[in-house]
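Here's a quick tour of a protein–DNA model, written for someone who already has it open on screen. We'll go from the folds to the DNA.

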There are 2 protein chains.
Amino acid sequence: MNLHFEPARADAIFFALGDATRRNILSRLMRGPASITELADHAAITKTAVGQHMALLQDCALAKSEKRGRVRTCRFDPAGLRTLQGWIDYHREEWTGRLGRLGEILDD
Amino acid sequence: MNLHFEPARADAIFFALGDATRRNILSRLMRGPASITELADHAAITKTAVGQHMALLQDCALAKSEKRGRVRTCRFDPAGLRTLQGWIDYHREEWTGRLGRLGEILDD
DNA sequence: CATATAGTCAAGTCATGACTTCACTATCTA
DNA sequence: TAGATAGTGAAGTCATGACTTGACTATATG
């Protein structure tokens, strides 16, 4: 089991996922790449707002994007979820280390 | 693999974990039960604030508590993390279903 | 070239939520 | 029983962050 994760990044990830609109955007990206305009339509907010959310999502590696011509293509980035999984595993370890129960329960 | 989770509860969990103070409290509780006063000292906030955080954490099954006499004993509740794990697994499935890559990457 | 399209930047609005204070109740203890 | 301790409820303060507008740049297309 890989228990490595960067706590600072985990913080940012929890903050990022704490917002429903960003989870909405992320869900959309998991189904495939999308432009800013597409994401704006999907989330019913302005392109500016999407840009702001994307900046945040990219900072914690939950998404990435590249611009070709005038259109920016946004994609889901699995690296962030890997960090999130690391956080869970780490704390599961902490919990099981003390009480030996979370592992069983999470694995049930 | 168990892909069941309640989306509404997942929302609440992400919101709850999006706050650093609540993650702090939760970390403390994973090391063992604590009173409101202990948690307040640990997080350097008032007991009232802790009570508010606890209400939130309990709503999404990340913590539980019971009052005996005048002291309320707070405990970590693994049910919430189980839901969080369910969310990850579900979206991993969604992603792998379309592109067949997140599974490998998360499992690396 | 003229117009439409895609996105970005700076600035500001507004709601939410984290936290406090103060007054209060309940329980414990000297 | 008097005083201390543990927590709760109501109400308000304050900062943050989600979002918008409007002006702007860059790219595409008739």
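## Sheets, helices and DNA

In chain B, helix H4 (residues 47–59) lies across S2 and S3, running at about 120 degrees to S2(B). Helices (H or I, at least four residues) and strands (E, at least two) are DSSP runs, numbered from the N terminus. The angles run from 0 to 180 degrees between N-to-C directions, with axes as lines fitted to C-alpha atoms, for helices over the stretch in contact; contact here means heavy atoms within 4.5 Å.

Before going further, some housekeeping: this is a predicted model, where local features need pLDDT of at least 70 and side-chain atom pairs count only at pLDDT 80 or more, while totals for chains, interfaces and linings use all residues. Residues are numbered from 1 along each chain as its sequence is written, chains are lettered from A and ligands numbered from 1 in the order in which they are written, and side-chain values use heavy atoms, with hydrogens and water left out.

**The sheet in chain B.** What order do the strands of the chain B sheet take? The sheet is open, has three strands and reads S1-S3-S2, with antiparallel pairing. Two strands pair if DSSP finds at least two bridges between them. Strand S1 (34–35) and strand S2 (63–68) of chain B stand at the edges with a single partner strand each, so one side of each has no neighbour in the sheet. S1(B) runs antiparallel to strand S3 (residues 71–76) of chain B, and two bridges join them. Ser35(B) has Thr73(B) in S3(B) as its bridge partner.

**Chain A.** Chain A has six helices and three strands, and from the N terminus on its elements run α-α-β-α-α-β-β-α-α. Its three strands form an open sheet in the order S1-S3-S2, with antiparallel pairing. Strand S1 (34–35) and strand S2 (63–68) of chain A are the edge strands, each pairing on one side only. Two bridges join S1(A) to S3(A), and these strands run antiparallel; Ser35(A) stands opposite Thr73(A) in S3(A).

Which helices lie across the strands here? Helix H2 (residues 20–30) of chain A lies across S1, S2 and S3, at about 90 degrees to S3(A). H4(A) lies across S2 and S3 of chain A and runs at about 120 degrees to S2(A).

As for packing, buried residues make up 48% of the 108 residues in chain A. Buried means under 20% relative accessible area, exposed over 50%, and partly exposed in between (1.4 Å probe, protein chains only). Among contacts in chain A between residues at least 6 apart in sequence, 48% join residues at least 24 apart. Cys74(A) counts as buried because its relative accessibility is 0%, and Cys74(B) counts as buried because its value is 0%. There are zero disulfides over all chains, a disulfide being a pair of cysteine sulfur atoms within 2.5 Å.

**DNA strand C.** How many residues surround DNA strand C? There are 21, and the closest are Thr37(A), Arg70(A), Arg72(A), Thr46(B) and His53(B). A residue is near a strand if one of its heavy atoms lies within 4 Å of it. Of the strand C atoms within 4 Å of the protein, 70% belong to sugar or phosphate and the rest to bases. H4(B) gives the most to the surface near DNA strand C, with four residues.

**DNA strand D.** DNA strand D has 20 residues around it, and Thr46(A), His53(A), Thr37(B), Arg70(B) and Arg72(B) come nearest. Sugar and phosphate account for 70% of the strand D atoms that come within 4 Å of the protein. At least two residues each of the surface near DNA strand D come from H2 and H4 of chain A, and from helix H3 (36–43) and S3 of chain B. With four residues, H4(A) gives the most to that surface.

**Side chains touching DNA.** The table lists polar contacts, which are pairs of N or O atoms within 3.5 Å; within protein, one must be able to donate a hydrogen and the other to accept it, and residues adjacent in sequence count only if both atoms are side-chain atoms.

| Side chain | DNA atom | Distance |
|---|---|---|
| Thr48(A) | base nitrogen, DNA strand C | 3.2 Å |
| Arg70(A) | base oxygen, DNA strand C | 2.6 Å |
| Arg72(A) | phosphate oxygen, DNA strand C | 2.6 Å |
| Arg22(A) | phosphate oxygen, DNA strand D | 3.0 Å |
| Arg70(A) | base oxygen, DNA strand D | 3.2 Å |
| Thr48(B) | base oxygen, DNA strand D | 3.2 Å |
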